[in-house]
Each structure stands twice: as C-alpha cells, then as structure tokens.
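Thanks for making time this morning. Before I talk through the details, please have a look at the chain on the screen.

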Amino acid sequence: MYYALFQGEAVTAQGIVRQSEQEGWNVQQLTFHCPKCHRPVQLIQSIHKRPYFAHVVKERHAENESLWHQQNKRLLQVLLEQAGYTVALEVVQLAGERRADLWVTHPQQPTPIAFELQSSRLSAMEVSKRNSDYQKMGCRMFWLLNPQKDYYQLTVKHLTTLAPFVLELSGFGLVLPYWLESEERVVLTVLDTFGQCAGLLRMTLRDYLLLQTVSPLERDTPSSSFPITSTLTVQQQWRKQQQVLRHPTQYEHRLLQTLYEQRLLLVDIPTVFFGMTQACFYVNEPFWIVLSYAWLVQKKGNDEKFVSSLVTENKSVITSQQKLADIARQWAISKPRHASNSEAVATLQQYLHPRTFTYPYQTGYLSWLQDIVGIVNQFISIVPDS
C-alpha cells in the first residue's frame, strides 16, 4: 500500500521519504498504521520499487516455529542451565508485545538476558524495535542467527539484512553472531570495513556471555581495511566509466548529479577510483563512490589544487594506482591525527547513505570516514607531482 496513517493523518510513502530527508528524520523510529485495519505497518524502501507500506509481521509462536528453532531453544536451555544460569522459555513481556525465546538470569548478574534465535528473515525496523523494547525493560538482548539460511550468509547483497545484527566486541571489532548446532558453539564472523569476513571465532555459550560483559575498548586504530587494492585492470576502469554514464545505478546517478551541480564531469574523477569496486559495511554506496565523494569534498576546499590535479590527472594511471595503495598502507601504520578533517568528514557524511544499524557505530563510522578523507587528501597532494 502507498498510504498510511501517521500521527492521525493520511500520508504517502513517497511523501514520508521526501520529508524525512528534508527534516532529518529516522524513518525506522516512526510509527505508521493501516488506514483500514489500524494495525501497525512499516515503511519499505527498495532500489527497484517506489516506497510503500506493509503490515508488520507478527512474531512467530511455537506452533509456527521451525524445527531448527524449537530444537535449539531447548539445547541452549540445557547448556545455559549447566553453566549455572536460570532459563525460562517463551517468556511474555510488555503485556504480550514481546516473547523472548529464552529469558536468562544469574544470581551474580542483576541484568536479565533475552536470547533470540533467528531463523526467519526480519526487517531492520523490526530488529531495532525488539532491541529497543528489551532495553526499556532493562534487559540485555542477544541474537544468534541460523547459518543455514541463505539470507544470513555474509555476501554483498545481504549486507543490508545483516547490518542490524552486527555488534562490536572488545578486542574483536565488528562481528556477526551465529549458532552452530553441530558443535554447540557460538561462531562469531569478524568483519572488515568492506563487509568481508576477516576471521572466525568459535566459543562456548558461556564464554560468549562472559565476553559480552567486557566493556568496549577505546581503539586507537579503527577497523579499516587496508591496503586498498583495485579489482579492475586499467582498461576495465575506463569501461566502468562508460557503464556508469550509460546505465547508472541509483547511487551512481546521484554522484553524476552532484558532479553536474559542481560543474564537473565523471572523467574528472581519478580513474584509479573506478577500480575500487568493493562494497562498504557502513554505507550503501560502493567504495569507489565513497572515494569520489571524498575527492570532491577535498577539491571543493582547495581550488588551486583542484585545477592543478585536473591538468595532470591522467599522466600515469598505473602510477596513480600505486600511489593510492602506498598511501593507504602508510596511513594504516602511522595514521597522522593532524590529517583528519572534521569539517570534510561532516560534509562527506551528507553525501552518503549509512546502512540501518541496531548498535551505535557512530565512532567507528566517523573514524573510517576520517581515514578515507586523509588518504584521498594525501593522494591529491602527491599524484600531480608524480
């Protein structure tokens, strides 16, 4: 449906999207209702379809649960009770609004724990809502995903689905929690900032709970993924340019529009950037577009360098690629703090579309953007002299 009730008034999905962009609303925190049955509905946004509203799927009860879900609830109950915890299944909270798979308490830990074994697909809004509800009750919320489900596999196309379940653990960074029934272990998939697997950690359920009690450390070096490497040859980079001009995606179209507004062309962007086709964990845009926006932000701040670099830009594409990789490696080691530009980062944020997260990743996100701005800034200052 394209209409819903918002604060007692009928609104369109497209109108809400437009107004949220203007007002800076977080649409995931807004409440909508069906104009006919008055039940809750959620705003759905898709790259290929116009925005629309859909009824919120009710939580599954025991009679509708999968076999995996039922068996592993009982398995977790046994393992937790053996570790000294008190466990109750299907505990109803918030006047029936929430039903925890496992409600876990311990004499030495005053804060109760709600476990959710997740096998069915959930929207980011529903994940966020569940976490928010349990947090209001003063309860800690732990998710464990079914690794057998295709939509919970770590791939680029599933990053948006997985992002709400990612958490940050002290000493490990960003991780996705899975439950491996065959080994009776929690498997943590460690992610890099490209949304790729950087390692696997296997641990008992008890160790996982203990690990969660450790306060996050203030990391001096954010979990950026360096060195930056091109996934395309020089010739393929030029072909990528032509493809973007002929058949731009949603985010490529927005970049072209931004360049047009700045009286620039796609060919003005350093050609080496087109080879950085990796996805990004924090944002929906691919890495080459993030680099392009960072380049644009830095150029806007220094017109003299801008003109100079445009004249000498294409002197050596291969040299440029080597320079960018070298700068990234050096930056990962030294990371000079003076090079981070808060104003440039704030401007860069306005161009990007962050994924929907449940946990607060603002610090890691800003550190990652600072790295990008710093690397591109040094690249701009070095390449014209090569």
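**The first hairpin**

Let me begin with the hairpin of E1 and E2, where two residues lie between the strands and Gln 7 adopts a positive phi near 55°. This is a predicted model, in which local features need pLDDT of at least 70 and side-chain atom pairs count only at pLDDT 80 or more, while totals for chains, interfaces and linings use all residues. Residues are numbered from 1 along each chain as its sequence is written, and side-chain values use heavy atoms, with hydrogens and water left out.

Strands E1 (residues 3-6) and E2 (residues 9-12) run antiparallel and are joined by four bridges, where pairing requires that DSSP finds at least two bridges between two strands, and strands and helices are DSSP runs of at least two and at least four residues (E, and H or I), numbered from the N terminus. Phe 6 has Glu 9 in E2 as its bridge partner.

Turning to helix H11 (residues 342-351), its buried residues, meaning under 20% relative accessible area with a 1.4 Å probe and protein chains only, are Ala 344, Val 345, Leu 348 and Tyr 351. Viewed down the axis of H11, these buried residues fall within an arc of 105°, taken from the directions from the helix axis to the C-beta atoms, so they line one face of the helix. On the other side of H11, Ser 342, Glu 343 and Gln 350 are exposed, that is, over 50%, with partly exposed in between.

Finally, confidence: pLDDT, the predictor's confidence in each residue from 0 to 100, has a mean of 78 over the chain, and 77% of the residues reach 70 or more.
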